[in-house]
Amino acid sequence: MTALTSDKAQSPRRAKPWGLRLAPYLFLLPNMAIFGAFTIWPAINGFNISLYSSSDGRRFRWEGLGNYQRILTDSEFWGIALNTVLFAVGYLILSVTLGVLLAVLGNQQRRGRAFFRAAFFVPVLISPVVAGLVWNWMLERRGGLVNSFLGLFGVGDIAWLIDQRLALLCVIGVGVWLQLGFYMLILLAGLQGIDPNVYEAAQIDGASRWRQFWSMTLPLLQPSVLVVVILSTIHGFQAFDFIFTLTGGGPVGATTLIVQYIYENGFVSPIRYGLATAGSVLLFLVVFTLTVINWIVGRRREAA
Amino acid sequence: MTAPAPTNRQSRKDTPGRTWTTTGTRRVTATDALRVVILSTFVLLALIPVVWTLLGSFKTPAELAARPITILPENWGLENYTDALGRFNFTVYLRNSVIVTIGATVLTLTINAMAAYGLAKYNFRGRTGLFLLTLATIMIPLQVILIPVYQVVASMGMVNTLWGLIIPAAATPTGVFILRQYMLGIPDELIEAARVDGSGEFRTFVRIVLPLCRPALAVVAILSVMWRWNDFLWPLVVAQSESVYTLPVALARFNAEETVPFNLILAMSVVTIVPVILLFLVFQRQITTGIANTGIK
């Protein structure tokens, strides 16, 4: 036995048996093959095909930067870009503020804390398609659940999904409804990582609750807030599925966001591949830039 | 998780907000009341749509159209469900959803765990690069590469096939990440010992490493099931003919056509949401800790 181990110890690193040297590559191969074929290659190729146009997805014509020129001068696209930004900003603000509010309150709650956390999480589990069609039904102008409830207090029927501005607000609201429990969970985990002694010290120093929240909880929660900011930025710009059944992008395009634009130009006739792919690349650049900015700002804040 | 946590720990955590001169902490302050009111309001907002869907799924078209609205259905018969099952190949969509969800989850677990093991337990050229590449693609959601991915799938002849739904998103970066982090915690000596005993690399992985990773595998499995079951954009693009529709695609299509009675749509909706909710109730702890730890969905 001793002979064996000393022998092993003496053998230089280079002399690893073939099998052992090859093993990691073989372990990684299936994952990387699928990953390469369906994520990395398409990501690279996406830039390439955004330089071509096609109306059927089979025959392509070289456009150079023509697609970008067309999309950037397309008034429909700018309307959609504006919708997307409004949605993303509203979604981000509501997600972060409500997420922090509910996480802090939920964390202080002694009784039924587990129940609250589970209940908030239920919408996260719901198929977004179902959420969209159910909210559409509940927001019906005449006799929808929401208006019927408000009617009890003498509020007249509100045209939630018919009025253009209200419709965008509803889309933001349903989007937040779907994901809030998820963000809250991340923030709750962050809160539970804060050392309770910090609060005891503040207590002795006579800091008010509000003061404690602003000068201790929030700064200490910073890393979790950063995660939620980054995720809700990405989610905000990707929103699509629940809107498909909630408003379908209407009324008159008021809730059409960029992913729907990409989907429709790419797959619903009349197909305009060039616009769809150029839109994808622009979306990628925006999301990528924002993520990097979030990251840098978040890090700097943390360091400060 | 479901049982209330021991009160001694909780009251200790709770002291900061209270007047610390009083010893009895049973007094309900105005802030306590306000907090419960706010939390309960949000719980109602979270749950009412789900309950309303469930109630609606038992109502007849006439009841759904009644104004003013009624809250409880007149009877709790399952007609809507049996009706929905009998019409428009509902069982086909259900079966497709089940096959895609299970198939994709098995594939994801297999290849993610293998990749994670390679990254966690071997030293080789390019390891850091491959890991960073995997992480970076968390930032490339399907939405921004929809068309180029579709082209790859089309060129492989996988449009309108269940394989086209299963394979492309199987190599999740999240899964690799979660499993790798977990595997880093497995002592190298264990693997080394197996090697000395003459166990092959793959055998060591299957017999020794995988059983130890059960908690992490459970988290990835649950996340994968949740994602795949509710997935919409990709199935919408790939499943163009009815025979490969998954439940969400079928629901969205029928809902858009407005030819299918809404009571049946509601019954289908309930069938779509119930499995995931049941899964959550059973695996609540794994799901919440898994998400809290990775912060990724």
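There are zero disulfides anywhere in the structure, counting all chains, where a disulfide would be a pair of cysteine sulfur atoms within 2.5 Å. This is a predicted model, with local features needing pLDDT of at least 70 and side-chain atom pairs counting only at pLDDT 80 or more. Residues are numbered from 1 along each chain as its sequence is written, and chains are lettered from A in the order in which they are written.

Now look at where the two chains touch. Helix 5 of chain A (residues 113-125) and helix 2 of chain B (residues 30-56) have axes that come within 8 Å and cross at roughly 40°; helices here are DSSP runs (H or I, at least four residues), numbered from the N terminus, and axes are lines fitted to C-alpha atoms over the stretch in contact, with angles from 0 to 180 degrees between N-to-C directions. Among the residues that meet there are A:Phe116 and A:Phe120 on one side and B:Leu39, B:Ser40 and B:Val43 on the other, with contact meaning heavy atoms within 4.5 Å.

Next, head to the loop between helix 11 (241-246) and helix 12 (258-267) of chain A, where A:Pro251 sits. A cis peptide bond links A:Gly250 to A:Pro251, with omega about -5°. In that loop you'll also find A:Val252, which has a positive phi of about 35° despite not being a glycine. Why do these stand out? Most residues other than glycine have a negative phi, and most peptide bonds are trans.

Another cis bond runs from A:Ser269 to A:Pro270, omega near 5°. A:Pro270 is in the loop between helix 12 and helix 13 (273-303) of chain A.

Conventions
Side-chain values use heavy atoms; hydrogens and water are left out. Helices (H or I, at least four residues) and strands (E, at least two) are DSSP runs, numbered from the N terminus.
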